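Got the viewer open? Then let's take a walk through this one, selection by selection.

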Amino acid sequence: MTGVIRVGTRGSALAMAQTRQISERLAKAAKAEIELVPITTQGDTSRASLASIGGTGVFAAALREALLAGECDVVVHSLKDLPTAEHEGLRLGAVPKRADARDALCARDGFTIATLPEGARVGTGSPRRIAQLGAARPDVIAVDLRGNIDTRLGKVESGELDAVLLAAAGLGRLGRSDAVTDLLSLGDWPTAPGQGALAIEVRRETGDRSLERALEAVDHTMTRATVLAERLVLAGLEAGCSAPIGATAFMEDELLFLSASVYSADGARRLVSSHAATPDSRSAADLADAARDLAERVVAELLGNGAADLAPPEESL
Ligand SMILES: NCc1[nH]cc(CCC(=O)O)c1CC(=O)O
């Protein structure tokens, strides 16, 4: 190790903020310097809807190319933007402790989901959030929205929209939690698999002991298990990332819980499946086993109850 870790990151304000935060911890653990390598992705430059340019995978693809090409040593992703399929040349080097997994409503005049006026215009481009909004408030209007977090919040400040729906974690990392007027509880409003968590991806063989130790130091076993359970639901339902699926896993006392919901596009129908498992120990291997077992039960139950008809594979949408 020459003493420099090159960290690939998207260039958006959110990506830079979260990459800086985790890089500081990596630097300390590896006793190394950090060099940030900003990488532009199609998801950042295109104004087209996410679904039309290939779903959330577009954010990850360019970062992965840079990593495989050796332009950087690690890349930092928002875990929810990372495709669930394993990549043959890459692995998840670390999953740091998850921040808030909830969605947040940022509305004018302190409105909450319950108090939004009839006909209110709420910005979001996420099929999951559109379905959940439709389920909670069929009388309000979802308005398609792209762009970075400041752009989105700006549309509420300017009066173009009455509210926007965003991830609480992103707002927190940018220091914009002050804009939140309602934090939506995960029971009523489960979020995207992995939301609020980061992923540090590396080449399968790093050949770098000091980097390996640093990755271990920032890894959080419990977060790894909970996001594994959530992501296996997504994979098991064979849905693209933009399908209306919410999943939330958490550990409480000795139990690992997983709940997943599949919505019809308008949110009028919702299937829910929730299960718990008792891992044999808190070791990474036992937690992962419990996560796999849970996801399998939840997926089987959802499919048995007709989830495939509610959330058809992306290409048939
Ligand atoms: N797809 C965009 C994206 N990817 C990760 C986050 C937020 C941070 C996170 O979930 O870790 C966001 C923005 C949002 O959904 O509001």
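What follows is a list of stops, each with something to select and a note on what is there. Keep in mind that this is a predicted model.

**Stop 1: the ligand**

Start by selecting the ligand and showing its shell, which has 10 residues. Label Ser78, Leu166, Ala167, Gly170 and Gln195, the closest of them. Color by class and you should get three nonpolar, five polar and two charged residues. Strand E8 (163-167) and helix H6 (168-173) each supply at least two residues of that shell.

Where does the ligand lie relative to domain 1 and domain 2? Color 4-96 + 197-219 as domain 1 and 103-183 as domain 2. Both give residues to the shell, so the ligand lies between them.

**Stop 2: strand E8**

Now zoom in on E8, since it feeds the shell. Are its residues buried or exposed? Five of its five residues are buried. Turn on side chains: Ala163, Leu165 and Ala167 point one way, while Val164 and Leu166 point the other. That fits the usual pattern, as side chains in a regular strand alternate between the two faces of the sheet.

Next, add the partners of E8. Strand E5 (residues 103-107) pairs with E8 in the antiparallel sense over five bridges, and one pair to pick out is Ala107 with Ala163. Strand E6 (residues 121-123) pairs with E8 in the parallel sense, over two bridges. Here Val122 stands opposite Ala163, the residue you just picked as the partner of Ala107.

**Stop 3: Ala168**

Step on to Ala168, in helix H6. Ala168 counts as buried because 22 other C-beta atoms lie within 10 Å. Leaving out residues up to four places away in sequence, select what Ala168 touches: Asp100, Arg102, Asp103, Ala104, Val180 and Leu183. While you're there, draw a C-alpha to C-alpha distance to Gly196: you should get 7.7 Å, for a pair 28 residues apart in sequence.

**Stop 4: the five-stranded sheet**

Hide all that and bring up the open sheet with strand order E2-E1-E3-E10-E4, where the pairing is mixed. The edges are strand E2 (33-39) and strand E4 (90-94), each pairing on one side only. Look across the sheet and you'll see neighbouring strands turned by 35° against each other on average, direction ignored.

For a closer look at one edge, select E4 with strand E10 (residues 198-203): they run antiparallel and are joined by four bridges. Leu90 is a handy marker, with Arg203 as its bridge partner in E10.

Now add the helices. Helix H1 (residues 13-30) packs on the sheet and touches strand E1 (4-10), E2, strand E3 (74-78) and E10. The direction of H1 makes about 160° with that of E1. Helix H7 (residues 209-218) lies across E1, E4 and E10, running at about 60° to E4.

**Stop 5: Thr9**

Last selection: Thr9, in strand E1. What makes Thr9 count as buried? It has 24 C-beta neighbours inside 10 Å; the cut-off for buried is 20 or more. Beyond four places in sequence, Thr9 touches Ala15, Met16 and Thr19, then Leu36, Val37, Pro38 and Ile39, plus Val75 and Val76. To finish, draw a line from Thr9 to Arg269: their C-alpha atoms are separated by 38 Å, and the two are 260 residues apart along the chain.

Definitions and conventions: Residues are numbered from 1 along each chain as its sequence is written. This is a predicted model: local features need pLDDT of at least 70, side-chain atom pairs count only at pLDDT 80 or more; totals for chains, interfaces and linings use all residues. A residue is near a molecule or strand if its C-beta atom, placed from the backbone, lies within 6 Å of it. Ala, Val, Leu, Ile, Met, Phe, Trp, Tyr, Cys and Pro count as nonpolar, Asp, Glu, Lys and Arg as charged, and the others, Gly among them, as polar. Domain bounds come from an automatic or database domain assignment. Two strands pair if DSSP finds at least two bridges between them. Axes are lines fitted to C-alpha atoms, for helices over the stretch in contact, and angles run from 0 to 180 degrees between N-to-C directions. Two residues are in contact if their C-beta atoms, placed from the backbone, lie within 7 Å. A residue is buried if 20 or more other C-beta atoms lie within 10 Å of its own, exposed if 12 or fewer, and partly exposed in between; C-beta atoms are placed from the backbone.
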